[in-house]
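User: Could you take a close look at one part of this model for me, the sheet and what packs around it? I work at the bench, so please spell out the cut-offs as you go.

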Amino acid sequence: MELKHTAVAGTMESSDIMVTIEPQTGGGIQLELTSSVMQQFGRQIESVIRETLRGLGVENAAVSAVDKGALDCTVRARVSAAALRAADQKAYPWEVRQ
């Protein structure tokens, strides 16, 4: 997926995550994560973000995420929404993960 511009998804409310994604020409995924639960779940949140981007075919991007205790499903939804907005996609790949 080719990102065309910067996009944001999420809020700064409790149990949510705000994700900002911008296109890059190379360098892979550059991730800056801030979380109120970084010590307990930082690695898991980073893994979910990277896995979601990989699943969408995003190879190069600068991602900033400010987590306020979001569940994995919320992290996936916010990362997906930001990436799809940044790529100007209108066809959303809906699926259920277990």
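Analyst: Happy to. Let's start where strand 3 meets strand 4: the two run parallel and are joined by 7 bridges. Strands here are DSSP runs of E of at least two residues, helices are runs of H or I of at least four, and both are numbered from the N terminus. Two strands are said to pair if DSSP finds at least two bridges between them. One of the bridges links isoleucine 29 to alanine 61 in strand 4. From strand 3 the chain passes through helix 1 to strand 4, a β-α-β crossover that is left-handed. The handedness is judged with the strands pointing away from the viewer: a path from the first strand over the helix to the second that runs clockwise would be right-handed.

A word on the ground rules. This is a predicted model, in which local features need pLDDT of at least 70 and side-chain atom pairs count only at pLDDT 80 or more, while totals for chains, interfaces and linings use all residues. Residues are numbered from 1 along each chain as its sequence is written, and side-chain values use heavy atoms, with hydrogens and water left out.

Now the other side of strand 4. Strand 2 runs antiparallel to strand 4, and 7 bridges join them; glutamate 22, for example, stands opposite alanine 62. Strand 2 (residues 17-23) is also antiparallel to strand 1, through 3 bridges, and there alanine 9 faces valine 19. Put together, this is an open sheet of 4 strands in the order 1-2-4-3, with mixed pairing. Strand 1 (7-9) and strand 3 (29-35) are the edges, each pairing on one side only.

Strand 4 is largely enclosed by the rest of the structure, because 5 of its 7 residues are buried. Buried means under 20% relative accessible area, exposed means over 50%, and partly exposed is in between (1.4 Å probe, protein chains only).

Helix 1 (residues 38-56) lies across strand 2, strand 3 and strand 4 (61-67), at about 145° to strand 3. Such angles run from 0 to 180 degrees between N-to-C directions, with axes fitted to C-alpha atoms, for helices over the stretch in contact. Within helix 1 sits threonine 52, which is buried at 3% relative accessible area. Beyond residues up to four places away in sequence, threonine 52 touches Arg76, Val79 and Ser80, where contact means heavy atoms within 4.5 Å. With the same kind of neighbours left aside, leucine 53 is in contact with Ile21, Ile29, Val58, Val63, Val79 and Ala83.

Leucine 53 also belongs to the largest nonpolar core, which has 24 residues; Ile21, Ile49, Leu53, Val58 and Val63 touch the most other members. Such a core is a set of buried Ala, Val, Leu, Ile, Met, Phe, Trp, Tyr and Cys residues joined through side-chain atoms within 4.5 Å.

Finally, follow strand 3 to serine 35. Serine 35 counts as buried, at 15% relative accessibility. Its side chain makes a polar contact with the side chain of aspartate 67, at 2.6 Å. A polar contact is a pair of N or O atoms within 3.5 Å; within protein, one must be able to donate a hydrogen and the other to accept it, and residues adjacent in sequence count only if both atoms are side-chain atoms. Valine 37, in the loop between strand 3 and helix 1, is partly exposed at 21%.
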